[in-house]
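Reader: I've got a structure open and I'd like to talk it through with you. Can we go piece by piece?

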Amino acid sequence: MWAYENVFYQIYPLGMCGAPFENDGVQEHRILKVLGWIDHLKKLGVGAVLFNPVFESDTHGYNTRDYRRIDTRLGTNEDFKRVCDALHEAGIRVVLDGVFNHVGRGFYGFQDVLKNRESSRYAGWFHISFDGNDAYDDGLWYDGWEGNYDLVKLNLQNPEVTDYLIDCVRFWIDTFGIDGLRLDVAYCLDRDFIRRLRAETASMKEDFYLVGEMIGGDYRTIMADDLCHSATNYECYKGMYSSFNSMNMFEILYSLNRQFGKDPWDLYTGMHLLNFADNHDVTRIASCLTHPEHLKLLYTMLFTIPGIPCLYYGSEWGVKGDKSQGDPALRPAFDQPEWNELTEYIAGLAHIFSGSRALHYGDFTQLALTNRQCVYRREADGERLIIAINADSNDYTAWFDAGAQTMHDLLTDQDVSLQDGLKMPAFTAMILR
């Protein structure tokens, strides 16, 4: 599967392109801004772009009005096709946000229900009671996602609804040539619908990729041979920054061993979770870490633990943003991308990841662990990598069986002796081959 061997790059288009929060109905060709980022993405080593989301909506994109039309604030379908074609020409795949659990109040089917009530042909598309009332005083009650009534839950057990959604995905593949979908709140979706989506998209396009959003719980509830290929790895997202902030590498290594170790109860060995340092829903990693010196170390971990690394636009040059200040603080507009020392470092990591079978498919073995240091091995197809991280402000010597006296550090392009242990300078990461 192509997705397992590529670096992902997440863009929240309404934010990055500077669209107003409320859909003002004014058509602007903002999505074309992405064309100016393609050289940056290629230089960075990105193999796939994840757009969250792009279709016509009431406000933030997740309250969909029209699944077959690019949001007016972003432009036209022709604009987005031009963007997708340019990305594909650059060798970059395109993954869209599939928001199938709910729609916006502006969705035409729900508007028809408000107008025609019980006689609406769309009444069965939602979970509605005409005997109650809602916060909008519509004279009816409906199920909203987690109590958010601007997000009207779809009835995914209604064949008309699932037929409609599958047809929309077919339209996206035929029109834009998309290569995959992120399933929003996949943990809420009817599993039979996910199974059908997996089967149908595989018949539409070979190697079509599905990744489901999972906040917690067992990812295998939505990830299997007949469900999603991947799930968002929130456990390791939290474990990474928390381990650095608390100087407790045992936390993240516990998660990695739990997920990918060699014991019979390990959960996801052989599976490919989508890993991230931050995204459009959480505080930017540069604002999250207590010590800025840990930023490169955390990104080294992101690119070397099992799974698929995903970058969030702007974070590759260290943009900050705090969730406590609201979602707009996490989703700013940029006129153009920036390139600095951190970006260069991440590009180096992406280059290493893209060329390594051990990082794509290798097993995971813990070699050494203290509160402030960790060493682990990834190995596959005759390639062996040892990743060493020293989060401390002091130098450290790690002792473990490397299977070699000398190895080559891919980050510095220097040979490293392990004869008297691995000498790790303060705030340093190594990727040894």
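Author: Sure. A quick term before we start: helices here are DSSP runs of H or I with at least four residues, numbered from the N terminus. Keep in mind too that this is a predicted model.

Reader: Good. Which helix holds lysine 42, and is that residue buried, partly exposed or exposed?

Author: Lysine 42 sits in helix α2, which covers residues 38-44. Buried would need under 20% relative accessible area and exposed would need over 50%. Lysine 42 has 47%, so it counts as partly exposed.

Reader: Which residues does lysine 42 touch, leaving aside neighbours within four places in sequence?

Author: As a distance check, the C-alpha atoms of lysine 42 and leucine 87 are 9.6 Å apart, with their positions 45 residues apart along the chain. Setting aside the neighbours within four places, the contacts of lysine 42 are Ala90 and Ile92.

Reader: On to the sheets. What is the strand order in the open sheet of 8 strands, and which strands are at its edges?

Author: The pairing in that sheet is parallel, and the order is β13-β12-β11-β5-β2-β1-β15-β14. An edge strand pairs on one side only, which here picks out β13 (230-231) and β14 (274-276).

Reader: In β11, which residue is the bridge partner of glycine 98?

Author: Strand β5 (residues 93-98) and strand β11 (residues 180-183) run parallel and are joined by 4 bridges. Glycine 98 has as its bridge partner in β11 leucine 183.

Reader: What angle does helix α3 make with β5, and what angle does helix α10 make with β15?

Author: Helix α3 (residues 77-89) packs on the sheet and touches β2 (48-51) as well as β5, with its direction at about 135 degrees to that of β5. Helix α10 (residues 295-304) lies across β14 and β15 (308-312), and its angle to β15 is about 140 degrees.

Reader: There's another open sheet, of 3 strands. Which residue in β10 is the bridge partner of tryptophan 145?

Author: That sheet has the order β6-β10-β9 with antiparallel pairing. Its edges are β6 (102-104) and β9 (144-145). Strands β9 and β10 pair over 2 bridges, and tryptophan 145 has as its partner in β10 asparagine 148.

Reader: How many residues of strand β17 are buried, and which residue stands opposite tyrosine 376?

Author: Strand β17 (residues 373-380) is mostly covered, with 7 of its 8 residues buried. Strand β16 (residues 363-369) runs antiparallel to β17 and is joined to it by 6 bridges, with a hairpin of 3 residues linking the two. Opposite tyrosine 376 stands glutamine 366.

Reader: And on to β18: which residue in the hairpin of β17 and β18 takes a positive phi?

Author: Strands β17 and β18 (residues 383-390) run antiparallel and share 8 bridges, one of which pairs arginine 378 with leucine 385. The hairpin has 2 residues between the strands, and the positive phi, near 50 degrees, belongs to aspartate 381.

Reader: Now the inside. Which helix gives the largest share of the largest nonpolar core?

Author: In soluble globular proteins, nonpolar side chains tend to be buried together. The largest core here has 140 residues, and those touching the most other members are Phe51, Phe100, Phe126, Trp172, Leu181 and Tyr299. The largest share, 9 residues, comes from helix α5.

Reader: How many residues are in the other core, the one with Ile386?

Author: This other core lies apart from the largest one. Its members include Ile386, Ala388, Leu422 and Leu432, and its count is 14 residues.

Reader: What's the volume of the largest pocket, and which strand gives the most to its lining?

Author: The largest pocket has a volume of about 530 Å³. It is lined by 27 residues, with His60, Tyr62, Asp281, Asp327 and Arg331 nearest its centre. Helix α1 (13-16) supplies at least two lining residues, while the most, 3 residues, come from β10.

Reader: Last one: how much space lies in the largest cavity?

Author: The whole structure has 2 cavities of 30 Å³ or more. The largest is lined by 13 residues, of which Gln10, Arg182, Thr232, Leu274 and Asn279 lie nearest its centre. The space in this cavity is about 120 Å³.

Technical notes:
Residues numbered from 1 in each chain as written. Predicted model: local features only at pLDDT ≥ 70, side-chain atom pairs only at ≥ 80, totals over all residues. Heavy atoms only, no water. Pairing = 2+ DSSP bridges. Contact = heavy atoms within 4.5 Å. Axes fitted to C-alpha atoms, helices over the stretch in contact; angles between N-to-C directions. Core = buried A, V, L, I, M, F, W, Y, C linked by side-chain atoms within 4.5 Å. Buried < 20%, exposed > 50% of the residue type's maximum accessible area, 1.4 Å probe, protein only. 1 Å grid on protein atoms, 1.4 Å probe; cavity = no way out; pocket = protein on both sides within 12 Å on 5 of 7 lines; lining within 4 Å. Points joined across faces, edges and corners; volume = space filled by probe spheres on them.
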